[in-house]
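Visitor: I would like a close look at a single part of this protein. Please take one strand and the open space beside it, and then show me how the rest is arranged.

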Amino acid sequence: MAKSSSLSTLFGNAVCEDFMAFVEDEKSLEVSREVCKTLDFSSDATQDGGITAALTRIEPGHSPKVVLADITKSIDPESDITRLVRKMGPEKTLIILGSSNDVGEFRKMIALGAKDYLVKPMTADILKDAVENVDRQSQALHAAQSGKLTVLVGVRGGVGATTIATNLAWIMANEEKLPTALLDMDLHFGTTTLSLDIETGGGFREALENPHRLDKLFLDSAIVKDGDRLAVLGTEEPIDELVDISEESIDALIGEISQDYNQVIVDLPRHLLPTQGALLASADTVILVSDQSLAGIRDINRITQAMTTLQTKGRILKVVSRVGSERAAQVSKADFERGLNEAVDYVIPEDAKSLTICANAGKAIGEVAAKAPILKVLRDLSADVSGYEKPQKKGLFTLVPGGKKKKEVGHKT
């Protein structure tokens with residue numbers, strides 16, 4: 001096994017690519033160093049400080065393939081494990097080192113996202129076996145899920161970001177047939193549930209305020225289903241009550257919901273941007289939605305610049321919305337792109353008629369205006385984000401090898 005390389009992060013931290021151990025006591029440090037030497041890992045792969053050090057060292061997109069984290073001195077191990085799992089990502093392996101030799105403790109660690117649980121005193125043979133025999137079943141599960149996280153941000157008010165988020169989620173669930181979750185993070189004035197004419201869930205706020213209690217049963221109480229494949233998390237909290245949305249809460253929530261849903265769409269209000277850097281950094285795609293205005297140019301550039309410091313692992317798509325000749329204060333597309341110093345990715349036309357029908361009916365655009373130009377753009381954007389490939393339609397004639405056409409008998413178009 002080749003010596004693991006180091007990956008430098010924006011924050012000045014370096015991690016070893018294959019394996020790192022963060023342990024608390026001298027015996028565990030000695031064992032880990034012995035195993036690292038045997039497996040030809042870097043001498044820097046063993047670190048003192050336990051899971052607290054791991055959380056400080058590891059950033060989204062910069063995690064070793066395998067991490068051993070000691071929780072014996074953690075004040076809140078469940079919260080720390082949840083945060084670390086989210087930072088590492090589903091394709092990485094977390095092994096927990098603890099002091100409790102109890103099957104209930106083992107099950108708890110696995111439920112939180114760890115792949116294995118080792119008990120002190122740890123031996124070199126046990127650690128070496130754990131590192132070399134990463135749980136294949138869990139690996140297969142994560143590979144099969146191939147879930148994607150998409151975050152939408154309206155850089156200006158009233159640009160239609162929530163409409164886009166809602167309809168992208170509906171398209172993925174109903175046309176692309178992908179299990180999809182839609183999270184409306186505007187807890188006071190969100191409109192996703194209103195747009196789909198469904199009730200707000202009773203447990204969304206509780207899930208955010210009590211991330212340590214999150215499990216499938218708790219999450220199911222907060223989710224409202226719209227059809228078989230679309231889960232919606234939204235609420236209408238009293239406007240005089242502040243709801244704390246911490247990075248740890250979002251980590252735990254998305255980590256749990258990703259177990260059952262292939263696509264996770266987050267409608268993130270722009271006022272939450274300063275507190276949700278980790279969410280933006282871990283997203284597969286961040287969609288910045290603006291109108292085609294001078295203020296929109298300014299705000300897309302400001303947010304993009306701020307996001308460069310987060311070292312976002314995914315793409316940033318720039319979308320202009322509500323574009324039409326009747327829109328006031330609208331600049332030309334050429335001037336808008338000149339202000340961005342690059343082309344926009346998608347242009348979504350104004351369609352007041354279709355959107356008014358949708359709003360009154362409480363339905364997605366695809367249900368009431370299947371041929372509207374706005375829907376075609378949204379379908380293209382959805383496929384881009386989810387990776388969906390539309391099945392090829394079979395017509396009366398089908399191409400066969402050699403470039404000739406063969407007539408299909410008995411096939412109806």
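Guide: What follows starts with one strand and its partner, moves to a pocket and a cavity, and ends with some single residues.

The model is a predicted one. As a frame for the close look, the protein has 17 helices and 17 strands. It has 413 residues, and 49% of them count as buried. Among contacts with a separation of 6 or more, 73% are between residues 24 or more positions apart. The accessible surface comes to about 20300 Å², and carbon and sulfur atoms hold 51% of that area.

The part to look at is strand 15, which covers residues 346-349. In a regular strand, side chains alternate between the two faces of the sheet. Strand 15 has one covered face, made up of Tyr346 and Ile348. Its uncovered face consists of Val347 and Pro349.

Next comes the partner of this strand. Strand 14, residues 315-323, runs parallel to strand 15, and 3 bridges join the two. One position can be picked out by eye: valine 323 stands opposite proline 349 of strand 15. Proline 349 is also one of the two residues on the uncovered face.

Both strands also take part in an open space. Strand 14 and strand 15 each supply at least two residues to the lining of the second largest pocket. The same holds for helix 7 (161-174), helix 8 (192-195), helix 15 (352-361) and helix 17 (373-386). Helix 7 gives the most to this lining, with 6 residues. The pocket has a volume of about 780 Å³, and 39 residues line it. Those nearest its centre are Gly160, Ala161, Thr162, Thr163 and Thr191. By type, the lining of the second largest pocket divides into 18 nonpolar, 13 polar and 8 charged residues.

Helix 15, one of the elements that supply this lining, contains serine 354. Serine 354 has a relative accessibility of 9%, so it counts as buried, the cut-off being under 20%. Leaving aside residues up to four places away in sequence, serine 354 touches Val368, Ala369 and Ala372.

Helix 8, another contributor to the pocket lining, leads to a loop. Aspartate 197 lies in this loop, between helix 8 and helix 9 (204-209). Its phi is near 55 degrees, which is a positive value in a residue other than glycine. With 60% relative accessibility, aspartate 197 counts as exposed, because the cut-off for that word is over 50%.

A closed space can be set beside the open one. A search of the whole structure finds 1 cavity of 30 Å³ or more. The largest cavity has a volume of about 40 Å³. Its lining is formed by Glu78, Ser79, Thr82, Arg83, Pro211, His212, Glu248 and Ala252. Helix 3 (77-88) and helix 11 (247-257) each supply at least two residues of this lining, and helix 3 gives the most, with 4 residues. The lining of the largest cavity divides into 2 nonpolar, 3 polar and 3 charged residues.

The last stops are single residues in other parts of the chain. Arginine 33 is found in helix 1. With a relative accessible area of 46%, arginine 33 is partly exposed. Arginine 33 and alanine 45 are 12 residues apart in sequence, and their C-alpha atoms are 7.9 Å apart in space.

Aspartate 40 is in the loop between helix 1 (26-38) and strand 4 (46-48). Although aspartate 40 is not a glycine, it has a positive phi of about 60 degrees. Its relative accessibility is 37%, so aspartate 40 counts as partly exposed.

A further loop, between strand 7 (116-119) and helix 5 (124-132), holds proline 121. The peptide bond that joins lysine 120 and proline 121 is cis, with omega at about 0 degrees.

To return to the starting point, strand 15 runs parallel to strand 14, and each of these strands supplies at least two residues to the lining of the second largest pocket.

Methods. Residues are numbered from 1 along each chain as its sequence is written. This is a predicted model: local features need pLDDT of at least 70, side-chain atom pairs count only at pLDDT 80 or more; totals for chains, interfaces and linings use all residues. Side-chain values use heavy atoms; hydrogens and water are left out. Buried means under 20% relative accessible area, exposed over 50%, partly exposed in between (1.4 Å probe, protein chains only). Two strands pair if DSSP finds at least two bridges between them. On a 1 Å grid over the protein atoms alone, a cavity is a set of points where a 1.4 Å probe fits but cannot get out, and a pocket is an open set with protein on both sides within 12 Å along at least five of seven lines; lining residues have an atom within 4 Å of a point. Grid points are joined across faces, edges and corners, and a volume is the space filled by probe spheres set on the points. Ala, Val, Leu, Ile, Met, Phe, Trp, Tyr, Cys and Pro count as nonpolar, Asp, Glu, Lys and Arg as charged, and the others, Gly among them, as polar. Contact means heavy atoms within 4.5 Å. Accessible areas come from the Shrake-Rupley method with a 1.4 Å probe; for residues, only the protein chains shown count as cover.
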